[in-house]
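Q: I would like to learn how to read the strand pairing and the disulfides in a model. Where should we begin?

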Amino acid sequence: MNERNHTIVIEIFLLGFKNIHKFKILLFILLLVVYCVTICGNLLIIVLVSCSRTLHSPMYFFISQLSIFDIMLSTDIVPNTLASIIAEGLVMSFSGCITQFYIFGCSESLECFILAVMSYDRYLAICKPLHYNSIMNIKLCSYLILWPWLIGFMVALVLVLFVYSFIFCGPYIMDHYLCDLAPLLQLTCSDHSTLDILDFILTIPFIIFPFFFISFTYISICINILKISSTSGRRKAFSTCSSHLIVVSTYYGTLMNVYMVPSDLYSYNVNKIVSPLYTAGTPLLNPIVYSLRNQEIKAALSKLLSSLFTSRTFGQIMKTNG
């Protein structure tokens, strides 16, 4: 009966970023601007891909899916982080904390898979251009998106069920700004060695395998690019991959630094410094990189703005004449 009482966790206090009294307004404004730009930029990419016929291709379809994951990740983490900065801490319900961890876990796995899918798309486009349209058809694109969604949500659910089965002894104070697995396990007095092993094993299909797959595809891409005789052709081929490569390097660099190092060797202060790079930085980087370095997206945006301006001007003229 006493053990049952230990499992009843109502609220968790997240310490957030400590000792930032002089900089909390600056940090709040910076993070708010990052969040607003992230949401607007990713929504813009989704709208452009949906509305522009020139962007109706597998590559841009995958980019729009990446934007959806980025919006989901940012919205799950940043609003609560903003609240914790202002209040210098945040009280979150246990169910809310678990929900944040679930969505966070799903978003991470989905992003890893979609980056691998995008590298495969670029591999086919550059290394097997004659077979690209026959291989990367609508059916395959649907499978490449559907399966990551299903696997990501199912695996995150397994981790959540493990956490729910633990006994939490208190005090329910988490030295972090988000409900991640490692800080959650610091609050339990149950033996979580099985979950630690499972979590490490899951990094193989969700982090290590996609990373090595991406590395293999880019080695093949580089070899094929070097075989192109013309300088302009090599430049064009590389430009189609450089944006994706920048995003992959940033995302996996921080992700592997956090999750591939055993928790007993890892400082939570370092974790709190590195984590914002992929919870807020990467979702911001994606729309910037893909919009500023992609001529087709720039052209689609220009065309959309031109059509909106033309229709608005025409409406004003009709209203004036009427």
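A: Begin with a definition: two strands count as paired if DSSP finds at least two bridges between them. The model shown here is predicted.

Q: Which residue in β2 is the bridge partner of I12?

A: Strands of a sheet pair through backbone hydrogen bonds, either parallel or antiparallel. Here I12 has M92 in β2 as its bridge partner. Strand β1, residues 11-14, is joined to β2 by 4 bridges, and the two run antiparallel.

Q: What is the strand order of the open sheet?

A: The order is β2-β1-β3, which makes an open sheet of 3 strands with mixed pairing. β2 (90-93) and β3 are at the edges with a single partner strand each, so each has one side without a neighbour in the sheet.

Q: Which helix packs on the sheet, and what angle does its direction make with that of β2?

A: Helix α4 packs there, touching β1, β2 and β3. The direction of α4 makes about 90 degrees with that of β2.

Q: Now the cysteines. How many disulfides are there?

A: A disulfide is a covalent bond between the sulfur atoms of two cysteines. In a model, the pair is recognised by sulfur atoms within 2.5 Å. By this rule there are 2 disulfides. Counting bonded cysteines along the chain, their pattern is 1-3, 2-4.

Q: Which cysteine forms a disulfide with C97, and is the link left-handed or right-handed?

A: The partner of C97 is C179, with the sulfur atoms 1.9 Å apart. The torsion about the S-S bond is -120 degrees, and the link is left-handed. This pair connects distant parts of the chain, 82 residues apart: C97 is in helix α4 (residues 94-127), while C179 is in the loop between β3 (173-174) and α7 (181-185). C97 and C179 are both buried.

Q: What is the handedness of the disulfide of C169 and C189, and why?

A: C169 is joined to C189 with an S to S distance of 1.7 Å. The disulfide is right-handed because the torsion about its S-S bond is about 85 degrees. C169 lies in the loop between α6 (138-164) and β3, and C189 in the loop between α7 and α8 (193-227), so the pair ties together parts 20 residues apart in sequence.

Q: Are C169 and C189 buried, partly exposed or exposed?

A: C169 counts as partly exposed because its relative accessibility is 31%. C189 is also partly exposed, at 46% relative accessible area.

Q: And is C51 buried or exposed? What about C141?

A: C51 counts as exposed, since its relative accessibility is 54%. C141 is buried, with a relative accessible area of 7%.

Terms used
Residues numbered from 1 in each chain as written. Predicted model: local features only at pLDDT ≥ 70, side-chain atom pairs only at ≥ 80, totals over all residues. Heavy atoms only, no water. Buried < 20%, exposed > 50% of the residue type's maximum accessible area, 1.4 Å probe, protein only. Contact = heavy atoms within 4.5 Å. Axes fitted to C-alpha atoms, helices over the stretch in contact; angles between N-to-C directions.
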